[in-house]
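Me: I'd like a close look at just one part of this protein, the open sheet. Can you walk me through how it's put together and what lies against it?

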Amino acid sequence: MKCNEQGDVHGFEEIRFNSLVLRGESIYSVDPKTQKEEFVCAAVKVEMVFRHIETGKIDLQLLYWCYDKWERLKLNRGKLIKNELPFLLDSGLDVAGYKLKPALSFIDQHEKQHKPQYYHDKLGWAIFEKQLVYKHQKVIGPKKTFSNYKGNFLIEPHGDVQKWRVTIKQWVVGHTPLELMLAAGFSAVLVGLLNVSKKADVDSLIFHLAGNSTTGKTTAVMVAVSAFGSPSMKNGLLQSYNGTKNAMIGMLTGNYGAPIVFDESSMNRMNKQALSGLLYEIAQNMERARMDKDANVKEINTWATSVFSTGEHTMVGNSNANEGIRARLFEFVNVEWTKDAAASDQLKEVLLNNYGNAAPYFIRHLQKVGVENIYTKWEEYKKQLSKDMPPSKFKDRIGNKFALVLTAAHFANESLKLNLSINAIADMLIQQEERSMGERELGPKFYRLLKEKLIQYKRNFKFDRRDNTGDYEIWGFIEEKKGKTYCYILPSIFEKLVGELGFSDSSILMDELKKMDVLDREEDKNKKRKVIFSEGEGEKRKKILGDKPYSRKGDYTVCIVYQENIFEDLDKLNMNTKARGYQK
């Protein structure tokens with residue numbers, strides 16, 4: 001980055017190192033015997049030295065005379081080598097030919113006269129010189145603050161913390177949805193802290209707010225991040241989903257405790273597989289391993305924080321229907337996030353002008369409390385939620401994550417005197433879990449959707465003793481016995497239906513169906529033989545099974561059992577439709 005400076009402030013300064021002396025706008029070589037001076041090059045000196053605390057790399061800010069004015073250039077110290085001569089010349093330094101060596105020698109000696117200034121470009125917790133610190137606009141540690149943030153997000157405190165606090169107490173406290181969002185924002189700090197301190201391995205939390213534009217979604221996520229930085233999309237902590245996956249991963253990389261929002265997820269163009277992969281990576285705190293052009297594994301980027309997104313549609317509906325996604329993504333659909341339009345407008349106006357002030361109070365308080373006591377409080381909420389959460393195989397996993405939000409609310413109350421209702425927040429989280437369970441339980445969801453597919457493709461199945469399916473492909477056999485429906489589906493067709501329904505792993509589905517006791521199978525197998533094709537249906541069989549030899553014992557199928565006649569209600573519906581004159 002290059003800056004200009006006009007004037008003669010530096011015009012009469014003299015700096016001497018052995019045989020080199022900088023005076024005014026030039027560097028001279030001084031003969032040690034005669035003291036005769038000979039011009040070497042235009043002046044160049046070190047104005048500042050910076051140390052990047054994340055990598056330890058050194059940057060220099062040079063001040064140099066370029067033709068008719070002083071200019072500044074900040075560059076990595078590794079650029080000061082012969083191989084970088086074109087870059088230095090393009091920047092305007094007078095280092096052509098023989099001038100390079102004495103100019104670099106002068107810089108080398110002058111930089112040692114400066115004490116490095118620290119800077120960082122990532123946010124959240126880190127271990128620096130064996131101390132646990134938090135990187136915000138300044139680094140907050142057990143000693144005095146140091147290091148300045150030079151990253152891409154606008155987080156420098158703006159406005160007044162007291163005005164932010166008064167507004168939060170007026171419009172947020174007492175309205176549970178916004179209380180939840182504020183606590184969820186502070187939960188990012190706990191996620192990062194537990195991971196960096198090695199106290200616990202915690203997934204990043206993902207909260208998705210879905211619904212139309214009048215529900216106050218954007219205002220809600222502005223509340224979530226306003227304590228940490230600007231809640232705007234102009235370099236703030238609200239970012240657009242309308243970007244590449246790599247760009248979003250780049251925004252998360254190195255973030256160990258500052259919340260971030262990806263707004264308007266409905267704008268993204270990812271397919272289900274790509275979106276599912278992104279959600280997994282976000283929750284698991286690391287990107288997928290990749291190879292470079294030399295087939296070496298690239299350095300894997302990591303993070304640990306809380307991530308928010310908003311959109312008109314649900315994220316679960318746009319991703320692959322995996323249980324893992326549903327256990328990692330918490331969706332809130334059509335919630336009225338603000339009390340009314342006036343509250344939303346008032347909040348936005350204040351938050352856009354007062355931000356980034358509250359987080360340092362929260363951080364310093366946590367540093368005083370200590371990691372052990374924070375962990376103990378988290379354990380208390382985990383135990384309480386374990387009693388109150390609806391029973392499911394994901395109860396403890398989900399409860400542990402919800403407990404982070406409650407723990408954050410507890411310490412936000414202590415540090416900022418907010419009086420958030422932890423009981424009300426817990427109730428809202430539990431209600432969200434109750435609504436999500438039916439969607440998240442993989443086996444029941446697939447079982448229900450498969451039934452709809454079997455009805456849709458009824459013409460492709462043989463029924464009881466009726467062998468004729470016309471010119472349609474034969475996919476299996478369906479029979480009704482004692483009020484139950486046995487659906488024998490050829491394996492390749494089963495895989496096809498699994499894919500059509502948005503599920504990605506049929507083996508996991510088979511395990512779930514076994515647990516539900518709806519999979520009729522032979523001992524030690526997941527499949528059951530059934531005679532689907534007659535010997536005269538060789539061509540139809542070949543279309544589905546290829547050249548596999550015919551067996552009188554039948555072919556292996558996936559047999560799903562339903563406890564009712566799945567076509568009975570459909571037949572009644574068709575009869576009623578015909579009676580009303582509708583045509584299919």
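Here is a walk through that sheet, with a short stop at a helix earlier in the chain.

Reply: Bear in mind that this is a predicted model. The sheet is open and built from five strands, and going across it you meet them in the order S15-S16-S17-S14-S18, with parallel pairing. At the edges stand S15 (238–240) and S18 (329–333); each has a single partner strand, so one side of each is left without a neighbour in the sheet. From one strand to the next, the twist averages 25°.

Now zoom in on one pair. S16 covers residues 260–263 and S17 covers residues 306–311, and the two pair in the parallel sense over three bridges. If you want a spot to find by eye, look for Ile-260, which stands opposite Val-307 in S17. As general background, strands of a sheet pair through backbone hydrogen bonds, either parallel or antiparallel.

Next, what lies against these strands? Helix H6, residues 245–252, lies across S15, S16 and S17. Its direction is at about 160° to S16.

Before you leave the model, go back along the chain to helix H4, residues 176–196. H4 has 21 residues and spans 30 Å from its first C-alpha to its last, close to the 30 Å expected at 1.5 Å a residue. Even so, H4 has a kink of about 25°, centred on Phe-186. H4 is also mostly covered, with 20 of its 21 residues buried. Just after H4 comes Lys-198, which takes a positive phi of about 65°.

Methods. Residues numbered from 1 in each chain as written. Predicted model: local features only at pLDDT ≥ 70, side-chain atom pairs only at ≥ 80, totals over all residues. Heavy atoms only, no water. Helix = DSSP H or I, 4+ residues; strand = E, 2+ residues; numbered from the N terminus. Expected span 1.5 Å × (residues − 1). Bend = angle between axes of the 7 residues up to and from the residue. Buried < 20%, exposed > 50% of the residue type's maximum accessible area, 1.4 Å probe, protein only. Pairing = 2+ DSSP bridges. Axes fitted to C-alpha atoms, helices over the stretch in contact; angles between N-to-C directions. Contact = heavy atoms within 4.5 Å.
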